[in-house]
Amino acid sequence: MLNMLIGVMCETIRLVSEAETEETLVAQACRELRTMLYQSGLDADGDEMISKVEFGSMLDVQEACLCLKHLGLDVVALVDQTDFIFKDTDRLAFDDFMELVLQLRGCNTATVKDVVDLRRTMKVETIKMQQELKKLYGLCMLNAEASATASASLGQSGPPGGGSRRMSAPQLLLT
């Protein structure tokens, strides 16, 4: 029984140590990045907000890339995530930016909440895409009707060679 208690205590101490080490690493990296932004002049307006342009400029600075890499971020993949990071806004407060970027680390494990968030996002995006496709289909149908009306007013009764052929909206898109 005593050995099990000692084992639980050792595991608890190990987990607390890892959490504190991680917290210290993140705090130090945030300080370094914030200092580097001010000293390099990347935050020219001094508002402690990071814009998409400032983010791109920050990734051109070697010290910033090394700091982000030290946090476990893939800097090349981070460049590809720029649109995701700034999808809802043009500027982010530095602390919000760091919180978002830290979620993109490779060492993070996926949780049920992450899967639910992904599912919700996919549903919203699918609905948006369906709405856009309906609009496009409507425009194609209007175009087909206008084309048929124009053909009728010019006296054309159908395609060359006789017969009547009505094209669907998807067929109109392909022609």
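**Entry 1: the pocket lining**

I began with the largest pocket of this predicted model and sorted its lining by class: six residues are nonpolar, four are polar and six are charged. I then looked up the volume of this largest pocket, and the computed value is about 650 Å³. The lining has 16 residues, and those closest to the centre of the pocket are F84, Q103, D114, D117 and L118. Which helix gives the most to this lining? I found that helix α7, residues 112-153, does so, with eight residues.

**Entry 2: the cavity**

Next I went looking for enclosed space. The count comes to one cavity of 30 Å³ or more. The largest cavity has a volume of about 40 Å³. I noted down its lining: R34, L37, Y38, D43, E48, M49, I50 and F94. The elements giving two or more residues to that lining are α1 and β1. Helix α1 provides the largest share, with three residues. I sorted this lining by class too, and got five nonpolar, three charged and no polar residues.

**Entry 3: the chain as a whole**

I stepped back to get my bearings. I counted eight helices and two strands in the secondary structure of the chain. Along the sequence they follow the pattern α-β-α-α-α-α-β-α-α-α. How much of the chain counts as buried? The figure is 21% of the 175 residues. I also checked the contacts in the chain with a separation of 6 or more, and residues 24 or more positions apart account for 61% of them.

**Entry 4: helix α1**

Since α1 had turned up in the cavity lining, I gave this helix its own page. Helix α1 runs over residues 2-40 and has 39 residues. From its first C-alpha to its last it reaches 56 Å, close to the 57 Å expected at 1.5 Å a residue. I listed the buried residues of α1 as V26, A29, C30, L33, M36 and L37. One of these, L37, is also in the lining of the largest cavity. What covers the buried residues of α1? I found that the cover includes β1 (49-51), α2 (52-58), α3 (62-70) and α6 (94-102). Just after α1, I noted that G41 takes a positive phi of about 80°.

**Entry 5: helix α3**

I moved on to α3, one of the elements that cover α1. The buried residues of α3 are A64, C65, C67 and L68. They sit on the same side of α3, because they cover an arc of only 160° around the axis. A reminder to myself: an α-helix has 3.6 residues a turn, so residues three or four places apart point the same way. The face of α3 turned away from that buried side carries the exposed residues Q62, E63, L66, K69 and H70. The cover over the buried residues of α3 includes α1, α2, α4 (75-80) and α6. Just after α3, G72 takes a positive phi of about 95°.

**Entry 6: helix α6**

Helix α6 had come up as cover for α1 and for α3, and I wanted to know which of its own residues are buried. I found F94, F97, M98, V101 and L102. Their arc around the axis is only 125°, and therefore they lie on the same side of α6. On the other side of α6, D95 and E99 are exposed. I also recognised F94 from the cavity lining.

**Entry 7: two single residues**

I first picked S51, which lies in strand β1. Is S51 buried or exposed? Its relative accessible area is 10%, and buried means under 20%, so S51 is buried. I then looked up its contacts, leaving aside neighbours within four places in sequence, and found F86, D90 and R91.

My second pick was V79, in helix α4. V79 has a relative accessible area of 44%, which is between 20% and 50%, so I put this residue down as partly exposed. I also checked V79 against L59: the two are 20 residues apart in sequence and 7.9 Å apart in space, C-alpha to C-alpha.

Notes
Residues are numbered from 1 along each chain as its sequence is written. This is a predicted model: local features need pLDDT of at least 70, side-chain atom pairs count only at pLDDT 80 or more; totals for chains, interfaces and linings use all residues. Side-chain values use heavy atoms; hydrogens and water are left out. On a 1 Å grid over the protein atoms alone, a cavity is a set of points where a 1.4 Å probe fits but cannot get out, and a pocket is an open set with protein on both sides within 12 Å along at least five of seven lines; lining residues have an atom within 4 Å of a point. Grid points are joined across faces, edges and corners, and a volume is the space filled by probe spheres set on the points. Helices (H or I, at least four residues) and strands (E, at least two) are DSSP runs, numbered from the N terminus. Ala, Val, Leu, Ile, Met, Phe, Trp, Tyr, Cys and Pro count as nonpolar, Asp, Glu, Lys and Arg as charged, and the others, Gly among them, as polar. The expected span of a helix is 1.5 Å times one less than its number of residues. Buried means under 20% relative accessible area, exposed over 50%, partly exposed in between (1.4 Å probe, protein chains only). Contact means heavy atoms within 4.5 Å. The arc is that of the directions from the helix axis to the C-beta atoms.
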